Amino acid sequence: MSADPAAVQLEAVSKIYGDFAALRKVTAQFTAGQCYVILGENGAGKSTLLRVIAGLLHPTFGSVHLFGSETAQEARQRIGYLSHASMLYDEMTALENLRYFAALYANAPTLPPQEALTLVGLDPILKRPVGQYSQGMRQRAALARVLLAQPELLLLDEPFSNIDAASAEQMLRVLAELRRQRRTILLTTHQPELARPLADVFCQMCQGEIVAWNPVATNAGGVA
Amino acid sequence: MTYLRVLWAHLQKDLRLEWRSKDAINGMLFFSLLVVVLFSFAFDPTTAVSRQIAGGILWVALLFAAVTALNQTWTRELRHHVLDAQRMAPAAPGALFLAKVLANFLFVAAVEIVLAPIFIVFYNLHALGQGWLLWIVLPLGTLALVINGTFFGALSLRTRNRELLLPLILFPISIPAVLAMVESTTAILTGEYDPGLWIRLLTGYDVIFITLSLLLFATILHAE
């Protein structure tokens, strides 16, 4: 096992909705600086797992520890979460959205919004509101929002779904750079071949449990 | 200082979104104008009767109109899961709540500014009491409506029938405030009795509910 500290530690975490268990006693440790690609069919519990780690869902049983044992408030500044939805306002431009979210991180060092947009290959002076963006552009703008706070832990829920090849490639480049910077990445996807250049470990989820951990032997994180 | 900066960022965003969509103001304006005109035609009141009933009609029209706007105030945050991004940001939840209250206050106040001259013409009104006291009663009454509406709007956010639930919770809890608004307005218009007690009651109501809402809002925001 690695001697690196755990960015995320889950102890017998369960999430139950009525008589359906979305997560079943998941005990896991995600080492800091590694990229974990979480695979599994629809309903396997991937999104629930990320939402529980992000603090957006409270586990029914068990506990989640982030970066040792910090309070949720402290940990929040160090997490970036990208979901299926863009988490952006359709009526505002990408730059307006990012300026707004940057203001919510007033006490933490943030990337300038223009720089975050340039990183993901979007033009910061684009006047169109996000509602008129293509799915690929919207997903890249959403990634720029995540990057604003320079998070140490990135929780990315299917970042490559429904986007064009060019957007996927751009996002892969950004994620590869983050991996080189030793950020911890937890990424769920149905396209393992896309995430292969990033992955340190593939995790397989099935019916609310992590059933397999497959470390990738050598991966320099290179994306062409 | 940080708190004020975050509050300003939320407020600026809400004003910008409303300026671009005009969802809340258009709905409120149309609804309140309709109520005022319909009551005027239905009762065809004399000037003396108008003074007796105008307070009630005005506040009931504003209460119903405000609900249409208050229902949308949080729905906007649910679209594309923007609320999740706000929940994950390290900013104080109270700033989000206060900004929403301020934004809703400004929207309802804008409607009042348009409605007031029409109301005076249709009901042939002039105050027999101390007319300047309306400058105190109107903001206090509006604040009472929007504090509760914003708070209970957030409370009913994750329910399936939130459009129905908001008035069901809001109207009963607003009864003391509505009584104080109507009585103080009627007292000012007729000059028959002193509105002082009702204005004090309205002030107390505002102070109590804004304090309680600020104390409880973080719990509601982070509830599932």
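Start in chain B and select B:Gly191, the residue that follows helix α7(B) and has a positive phi, near 70°. Helices here are DSSP runs of H or I with at least four residues, and strands are E runs of at least two, all numbered from the N terminus.

A word on the model before moving on. It is predicted: local features need pLDDT of at least 70, side-chain atom pairs count only at pLDDT 80 or more, and totals for chains, interfaces and linings use all residues. Residues are numbered from 1 along each chain as its sequence is written, while chains are lettered from A and ligands numbered from 1 in the order in which they are written.

**Stop 1: helix α7 of chain B**

Select residues 162-190 of chain B, which make up α7. The expected span of a helix is 1.5 Å times one less than its number of residues. The 29 residues of α7(B) should therefore span 42 Å, and the end C-alpha atoms are 39 Å apart, which agrees. Now centre on B:Ile175: α7(B) has a kink of about 55° there, shortly before the proline B:Pro176. The bend at a residue is the angle between axes fitted to the seven residues ending there and the seven starting there.

**Stop 2: helix α3 of chain B, and its neighbour**

Next, select α3(B), residues 47-78. Its 32 residues should span 46 Å at 1.5 Å a residue; the end C-alpha atoms lie 47 Å apart, which agrees. Look for a kink of about 50° centred on B:Ile53. After the helix comes B:His80, with a positive phi near 60°.

Add α6(B), residues 134-155. The axes of α3(B) and α6(B) come within 9 Å and cross at roughly 35°. Axes are lines fitted to C-alpha atoms, for helices over the stretch in contact, and angles run from 0 to 180 degrees between N-to-C directions. Which residues make the contact? From α3(B), they include B:Trp59, B:Leu63, B:Leu70 and B:Trp74. From α6(B), they include B:Gly141, B:Leu145, B:Gly149 and B:Gly153. Residues are in contact if their C-beta atoms, placed from the backbone, lie within 7 Å. By class, this contact has ten nonpolar, six polar and no charged residues. Ala, Val, Leu, Ile, Met, Phe, Trp, Tyr, Cys and Pro count as nonpolar, Asp, Glu, Lys and Arg as charged, and the others, Gly among them, as polar.

**Stop 3: where the chains touch**

Show both chains. Here 21 residues of chain B are in contact with 27 residues of chain A. On the side of chain B, the elements that give two or more residues are α1 (2-21) and α4 (82-88). Which gives the most? α1(B) does, with nine residues. The chain B side has nine nonpolar, five polar and seven charged residues.

**Stop 4: the six-stranded sheet of chain A**

Move to chain A. Six strands form an open sheet in the order β5-β6-β7-β3-β8-β9, with mixed pairing. Two strands pair if DSSP finds at least two bridges between them. β5 (79-82) and β9 (209-215) stand at the edges, each with a single partner strand, so one side of each is left without a neighbour in the sheet. The twist averages 15° from one strand to the next.

Zoom in on β3 (35-39) and β8 (201-206) of chain A, which run parallel and are joined by four bridges. A:Leu39 stands opposite A:Gln204 in β8(A). On to β8(A) and β9(A): they run antiparallel, with six bridges. A:Cys203 has A:Trp213 in β9(A) as its bridge partner. The hairpin of these two strands has two residues between the strands, and A:Gln207 takes a positive phi near 50° there.

Now add helix α1(A), residues 46-54. It lies across β3, β5, β6 (153-157), β7 (184-188) and β8 of chain A, running at about 150° to β6(A).

**Stop 5: the three-stranded sheet of chain A**

Finish with the open antiparallel sheet β2-β1-β4 of chain A. Its edge strands are β2 (20-31) and β4 (61-66), each pairing on one side only. Select β1 (6-17): it pairs with β2(A) over eight bridges. Among the partners in β2(A), A:Ala28 goes with A:Leu10. α1(A) packs on this sheet too, touching β1, β2 and β4 of chain A, and its direction makes about 60° with that of β2(A). At the hairpin of β1(A) and β2(A), A:Gly18 takes a positive phi near 60°. On the other pairing, β1(A) and β4(A) share five bridges. There, A:Val8 is matched with A:Leu66.

Key. Two residues are in contact if their C-beta atoms, placed from the backbone, lie within 7 Å.
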